[in-house]
Amino acid sequence: MSAISPDEEQREHLAARLAAVRERIAIAAQRSGRSAADVALVAVTKTVPVATIRAAHALGLVTFGENRVQEARDKIAQLALPGVRWELIGHVQTNKAALAAQLFDRVQSLDSVRLARLLDARAASLGRRLSVLLEVNVAGEASKSGFAPDELLAAATEIAALPHLAPEGLMTVAPLVENLEQVRLVFRRLRELRDRLRASVPLGDREQPGERGAAGQTWGQLSMGMSDDFEVAIEEGATLIRLGRALFGTRPAR
Ligand SMILES: *Cc1c(COP(=O)(O)O)cnc(C)c1O
């Protein structure tokens, strides 16, 4: 009888979690009259070792989210996986902006016009256009970064004028509360803010081709929903959900 190797056991575990997550996405999408194909899964790999990320990739995951630029740089260099997208989901210190513009396929955590200008300048010198989402601090939590809802329109207008950024939508992190209906209101508010931007901040050709989301409209992406609340986010229109623990288990404390 051959023993199951730890690697194999880990892969089985991950495969089971991924299957369960896919099932829950499908059910939430169906419940809200949406297609599961319109909800992209970002596997959040902060603190997750490269061997596990490799296993996740082998299971078909191709979009990974990291919240620290330096940690991501080391992993991206070690992994060198083909066809993979890396998304930055954590606050970027301005001294890391240049590196972020270089490493990531999309910055979801764009939270100031100052950072936008730095990313734009770096993207220009790299000869690329960088996809971004504007992070919104919907509930006005002091501990969170992101634009306040009442400053979003002005900021989005300035950011939309930067030639080397491609704004694609909004991102938020919901408050840590037990009551999912409270969280639902936050997600709904993000969608309403997006609808307002869509009506008043035209992007022209400023998006990347193919990034308009299912409806084919500008500001198409709504990145909202994490392990504890992604089904509610899907019901409220999420096009990107960011899952860490639901896929990889509990993280060690930093
Ligand atoms: C860690 C993190 C996630 C994933 O959180 P889980 O609760 O593990 O799913 C999603 N988004 C952001 C911005 C994060 O920092």
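How many cavities of 30 Å³ or more does the structure hold? The count comes to one. The model is predicted, and the values below are computed from it.

**Cavity and pocket**

The largest cavity has a volume of about 50 Å³. Its lining consists of 13 residues, and V136, N137, K144, T172 and V173 are the closest to its centre. Sorted by class, this lining comprises seven nonpolar, three polar and three charged residues.

The largest pocket has a volume of about 780 Å³. A total of 28 residues line this pocket, with K46, K144, V173, A174 and M226 nearest its centre. Two elements give two or more residues each to the pocket lining, namely α7 (180-200) and β8 (240-243). The class make-up of the pocket lining is 11 nonpolar, seven polar and 10 charged residues.

K144 and V173 are named both among the residues closest to the centre of the largest cavity and among those nearest the centre of the largest pocket.

**Strand pairing**

Strand β1 spans residues 40-44 and is mostly covered, with four of its five residues buried. β1 runs parallel to β8, and four bridges join the two strands. Within β8, the residue opposite L41 is I241. β1 also runs parallel to β2, to which it is joined by two bridges. Here A43 has F64 of β2 as its bridge partner. Between β1 and β2 the chain passes through helix α2 (residues 50-58), in a β-α-β crossover that is right-handed.

From β2 the pairing continues to β3, again in the parallel sense, over four bridges. F64 stands opposite W86 of β3. Helix α3 (residues 69-79) lies on the path from β2 to β3, and this β-α-β crossover is right-handed.

β3 in turn pairs with strand β4 (residues 106-110) in the parallel sense, over two bridges. L88 is placed opposite V107 of β4. The chain goes from β3 to β4 by way of helix α4 (residues 97-103), and the crossover is right-handed.

The parallel pairings are listed below.

| Strand pair | Bridges | Residues opposite each other or bridge partners |
|---|---|---|
| β1 and β8 | four bridges | L41 and I241 |
| β1 and β2 | two bridges | A43 and F64 |
| β2 and β3 | four bridges | F64 and W86 |
| β3 and β4 | two bridges | L88 and V107 |

**The aromatic pair**

How many aromatic pairs does the structure hold? There is one. The ring centres of F64 and W86 are 5.4 Å apart and the ring planes stand at 40°, so the pair counts as tilted. F64 belongs to strand β2 (residues 63-66) and W86 to strand β3 (residues 85-88), so the contact ties together parts that are 22 residues apart in sequence.

Are these two residues buried or exposed? F64 is buried, because its relative accessible area is 0%. W86 also counts as buried, because its relative accessibility is 6%, and the cut-off for buried is under 20%.

F64 therefore appears in several of the relations above: F64 is the bridge partner of A43 in β1, stands opposite W86 in β3, and forms the tilted ring pair with W86.

Notes. Residues are numbered from 1 along each chain as its sequence is written. This is a predicted model: local features need pLDDT of at least 70, side-chain atom pairs count only at pLDDT 80 or more; totals for chains, interfaces and linings use all residues. Side-chain values use heavy atoms; hydrogens and water are left out. On a 1 Å grid over the protein atoms alone, a cavity is a set of points where a 1.4 Å probe fits but cannot get out, and a pocket is an open set with protein on both sides within 12 Å along at least five of seven lines; lining residues have an atom within 4 Å of a point. Grid points are joined across faces, edges and corners, and a volume is the space filled by probe spheres set on the points. Ala, Val, Leu, Ile, Met, Phe, Trp, Tyr, Cys and Pro count as nonpolar, Asp, Glu, Lys and Arg as charged, and the others, Gly among them, as polar. Rings of Phe, Tyr and Trp (its six-membered ring) pair if their centres lie within 6.5 Å; planes under 30 degrees apart count as stacked, over 60 as edge-to-face and the rest as tilted. Buried means under 20% relative accessible area, exposed over 50%, partly exposed in between (1.4 Å probe, protein chains only). Two strands pair if DSSP finds at least two bridges between them. A crossover is right-handed if, with the strands pointing away from the viewer, the path from the first strand over the helix to the second runs clockwise.
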